[in-house]
Amino acid sequence: QDLFNLHWLEKNISTFEGISSEDVQATLCDLTAKSILVDIKKYNNEITEIFICGGGAKNLTLMERLQHYAGSEKIIKTTNELGMDADWVEALGFAWLGYCCDHQITGNLPSVTGAQKEVVLGQRFEPIAK
C-alpha cells in the first residue's frame with residue numbers, strides 16, 4: 001500500500017508555514033533511509049554490508065544518509081561492487097522470476113508478503129503464431 005504520496009505530503013506539510021522545499025526533500029530522504037534500515041534490522045540485523053541498487057544507488061545524498069544512520073557497524077555499497085550494475089536490478093529481477101517460474105521455484109515469502117502460502121509466481125505464455 002502506498003502510504004506516502006503527493007496528496008499525503010501536501011496535506012501534512014500544509015500545517016507548517018515557511019517550510020522550504022529543500023527541508024521537505026531532506027526530510028523525505030531521511031525518512032527513506034531510516035525506513036530501509038528499520039526493515040533490514042527487522043529481517044536480518046546481523047549483516048554488515050548493505051548493497052543498494054536501482055535509482056537510489058545514484059542518489060548520493062540517500063547513500064550518505066543510509067551510511068549515517070547505519071553507523072560504523074554496517075557498510076553501505078552499491079551492487080556495482082559485486083559486479084552487478086545497479087541499473088540492471090529490474091531486468092535481473094524479471095529474469096530471476098522467469099527462471100523460478102520455469103523451474104517451479106516458489107518466489108514469495110509469506111512472512112514478508114502476508115500471503116497464506118509459498119507459490120510459484122508467474123505463468124509462461126508462448127507467442128501465438130500468425
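User: How many aromatic pairs does a search of the whole structure find?

Analyst: The search of this predicted model finds one aromatic pair. Its members are Trp-96 and Tyr-99.

User: Why is the pair of Trp-96 and Tyr-99 called stacked?

Analyst: Two values decide the matter. The ring centres are 5.5 Å apart, and the limit for a pair is 6.5 Å. The planes make an angle of 20°, and under 30 degrees counts as stacked. The pair therefore meets the distance limit and falls in the stacked class.

User: Where do Trp-96 and Tyr-99 lie?

Analyst: Both are in helix α4, residues 89–102, and three residues separate them, about one turn of the helix.

User: What makes Tyr-99 partly exposed?

Analyst: Its relative accessibility is 40%. Partly exposed is the class between 20% and 50%, so Tyr-99 belongs there.

User: How do you know that the structure holds zero disulfides?

Analyst: A disulfide needs two cysteine sulfur atoms within 2.5 Å. For Cys-53 the closest cysteine sulfur is that of Cys-100, at 16 Å, which is too far for a bond. Cys-101 is in no disulfide either, with the nearest cysteine sulfur, again that of Cys-100, 8.8 Å away. The count for the structure is zero.

User: Why is Cys-101 called buried, and what is Cys-53 called?

Analyst: Cys-101 has 12% relative accessibility and counts as buried, because the class takes values under 20%. Cys-53 has 30% and counts as partly exposed.

User: Which residues of the largest nonpolar core touch the most other members?

Analyst: The core has 13 residues, and those with the most contacts to other members are Leu-37, Ile-50, Ile-52, Leu-62, Met-63, Leu-66 and Ile-76. Two or more residues come from each of α2 (21–43), β1 (49–52) and α3 (60–70). In soluble globular proteins, nonpolar side chains tend to be buried together.

User: What is Ile-76 in contact with, leaving aside neighbours within four places in sequence?

Analyst: Ile-76 is in contact with Ile-50 and Ile-52, and also with Met-63, Leu-66, Gln-67 and Ala-70.

User: What makes β1 and β2 a pair?

Analyst: At least two bridges are required. β1 and β2, the latter at residues 75–78, have four bridges in the parallel sense, so the requirement is met. Among the partners, Glu-49 is bridged to Ile-75 in β2, and Ile-52 stands opposite Thr-78. The chain goes from β1 through α3 to β2, a right-handed β-α-β crossover.

User: Which side chains lie on each face of β1 and β2?

Analyst: In β1, Ile-50 and Ile-52 form the covered face, with Glu-49 and Phe-51 on the uncovered one. In β2, Ile-76 and Thr-78 point to one face and are buried, whereas Ile-75 and Lys-77 point to the other and are not buried. In a regular strand the side chains alternate between the two faces of the sheet.

User: Why is Arg-65 called buried?

Analyst: Arg-65 has 18% relative accessibility, and the limit is under 20%, so Arg-65 counts as buried. This residue is in helix α3. Not counting residues up to four places away in sequence, Arg-65 touches Cys-29, Asp-30 and Ala-33.

User: Is Tyr-69 buried, exposed or partly exposed, and what is it in contact with?

Analyst: Tyr-69, also in helix α3, has 29% relative accessibility and counts as partly exposed. Leaving aside neighbours within four places in sequence, Tyr-69 is in contact with Asp-30, Ala-33, Lys-34 and Leu-37. Tyr-69 and Leu-37 are 32 residues apart in sequence, with C-alpha atoms 7.8 Å apart.

User: What makes Gln-104 exposed, and what is its phi?

Analyst: Gln-104 has 57% relative accessibility; exposed means over 50%, so Gln-104 counts as exposed. Its phi is near 55°, a positive value in a residue other than glycine. Most residues other than glycine have a negative phi. Gln-104 is in the loop between α4 and α5 (110–113).

User: Why is Gly-18 called exposed, and where is it?

Analyst: Gly-18 has 80% relative accessibility, and the class takes values over 50%, so Gly-18 counts as exposed. Gly-18 is in the loop between α1 (6–13) and α2. From Gly-18 to Gln-123 there are 105 residues in sequence and 52 Å in space, C-alpha to C-alpha.

Key
Residues numbered from 1 in each chain as written. Predicted model: local features only at pLDDT ≥ 70, side-chain atom pairs only at ≥ 80, totals over all residues. Heavy atoms only, no water. Core = buried A, V, L, I, M, F, W, Y, C linked by side-chain atoms within 4.5 Å. Buried < 20%, exposed > 50% of the residue type's maximum accessible area, 1.4 Å probe, protein only. Contact = heavy atoms within 4.5 Å. Right-handed = clockwise from strand over helix to strand, strands pointing away. Phe/Tyr/Trp six-rings, centres within 6.5 Å; stacked < 30°, edge-to-face > 60°.
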